[in-house]
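Student: Hi! Could you walk me through this one? I'd like to start with the fold and then move to the DNA.

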Protein chains: 2
Amino acid sequence: MAEPVRNGAGDEPLDAQLDGWRSLVAVYQSVLHDVVRALENDAGLDSGVFSALAYLARAEPRGRMRLSELLELMYPRYSQPGLSRLVQRMEADGLVGRHADPDDGRATVLQMTRAGRVRFARADVIYTDAVRDHFGRHLPAAEARTLRNALDAILRARATSVSPSRTVRAR
Amino acid sequence: MAEPVRNGAGDEPLDAQLDGWRSLVAVYQSVLHDVVRALENDAGLDSGVFSALAYLARAEPRGRMRLSELLELMYPRYSQPGLSRLVQRMEADGLVGRHADPDDGRATVLQMTRAGRVRFARADVIYTDAVRDHFGRHLPAAEARTLRNALDAILRARATSVSPSRTVRAR
DNA sequence: GCCCATTGTATGCGGGCGCATATAACGCGT
DNA sequence: ACGCGTTATATGCGCCCGCATACAATGGGC
């Protein structure tokens, strides 16, 4: 969001970090827009469903996961009610099953269906190709590694510092 | 969106660009969430209103801009109907005026109000501080410049390559 | 064994978004 | 001056989101 007041030439105190953030925002929005379009048009999946399937595909054992675990992975992209309805739609589309957890009567266990696996496998190819085409293609591998290192360092630093309400349930 | 299948250790063919994209997505979502929260809580502005005000504040002459010009700046974050309603809300909140363009009967000219300027000035401080606190603080200035250069190169490359439907009005 | 605070999930509600479409003004060709 | 394709904006509609809240199950304290 919001790329206001870019330091074009001889502006203000010149803030390298702020400029970096603005460039990051611009790239993210531009690339994501095209990638999401590719997912929807070529794979028939919206980005939320795709993300959920991606996490489920990695889940052990075999595509099973608690709804609450998935929520932690998808937060803050989805709120708890938002995820609740997302998986309802996914169940309606036959991509996942929702079963009562035998160990905890409150919990719901998600189970990827075979159809879900197939849809995800196809979509993953679309996604990967789209990211390469719209992003990776323009970034030399060496710079990509540098970029990743810098960004991962930020993630680690943020995880460490006591950022408020990193916990899903707060207040 | 979607950070599936991260190359943790000895995974697949190892794709530096894809990993970079995933890190970018993770940082963007995490940081943006907190920045938007700060804007809403401390400045009482949602991110769309803030972005629009930021562009208007830079407009010459003095906070005037055509709706269609603003649309190009906000695209693809907002669609044309989305922006239409966004500025309607902004007008209702007294942040901008909407006047018929004397030179073109179809067009609407936006004019930032004094209240809009005040609200934006306050929000801009909140925004800048939040970005520094959640992002810039964790990124050395040298790395920030490297980051910006790599990302801006991607933006330029994307603008050059004939990416389909970069124009607002397509199809 | 009974409370009761906590945890896991679902739902009522209001609001914002995008798509398709409508409406109105423009301007060029004739 | 008329027609018609184009451009600028607005609106009907359906969908999805988050917030607040409801509800059910859990487990530790006593």
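**Sheet and DNA contacts**

Tutor: Happy to, and bear in mind that this is a predicted model. Strand 2 of chain A and strand 3 of chain A are paired antiparallel, with six bridges between them.

Student: Nice. Which residue stands opposite A:Ala100?

Tutor: That is A:Thr108, in strand 3 of chain A.

Student: And which helix packs on the sheet?

Tutor: Helix 4 of chain A does, touching strand 2 and strand 3 of chain A. The direction of helix 4 makes about 120° with that of strand 2 of chain A.

Student: OK, zooming out: in what order do the three strands of chain A run in the sheet?

Tutor: The order is 1-3-2, in an open sheet with antiparallel pairing. Strand 1 (64-66) and strand 2 (96-101) of chain A each have a single partner strand, so one side of each has no neighbour in the sheet. On average, neighbouring strands are turned by 30° against each other, direction ignored.

Student: Switching to DNA. How many residues surround strand C?

Tutor: 22 residues surround DNA strand C, and A:Ser68, A:Pro81, B:Pro81, B:Gly82 and B:Gly105 are the closest. Helix 4 of chain B gives the largest share of that surface, five residues.

Student: What about the classes there?

Tutor: Near DNA strand C there are six nonpolar, eight polar and eight charged residues.

Student: And how many surround strand D?

Tutor: DNA strand D has 21 residues around it, the closest being A:Pro81, A:Gly82, A:Gly105, B:Ser68 and B:Pro81. By class, the surface near DNA strand D has six nonpolar, eight polar and seven charged residues.

Definitions and conventions:
Residues numbered from 1 in each chain as written. Chains lettered and ligands numbered in written order. Predicted model: local features only at pLDDT ≥ 70, side-chain atom pairs only at ≥ 80, totals over all residues. Near = placed C-beta within 6 Å. Helix = DSSP H or I, 4+ residues; strand = E, 2+ residues; numbered from the N terminus. Nonpolar A, V, L, I, M, F, W, Y, C, P; charged D, E, K, R; others polar. Pairing = 2+ DSSP bridges. Axes fitted to C-alpha atoms, helices over the stretch in contact; angles between N-to-C directions. Contact = placed C-beta atoms within 7 Å.
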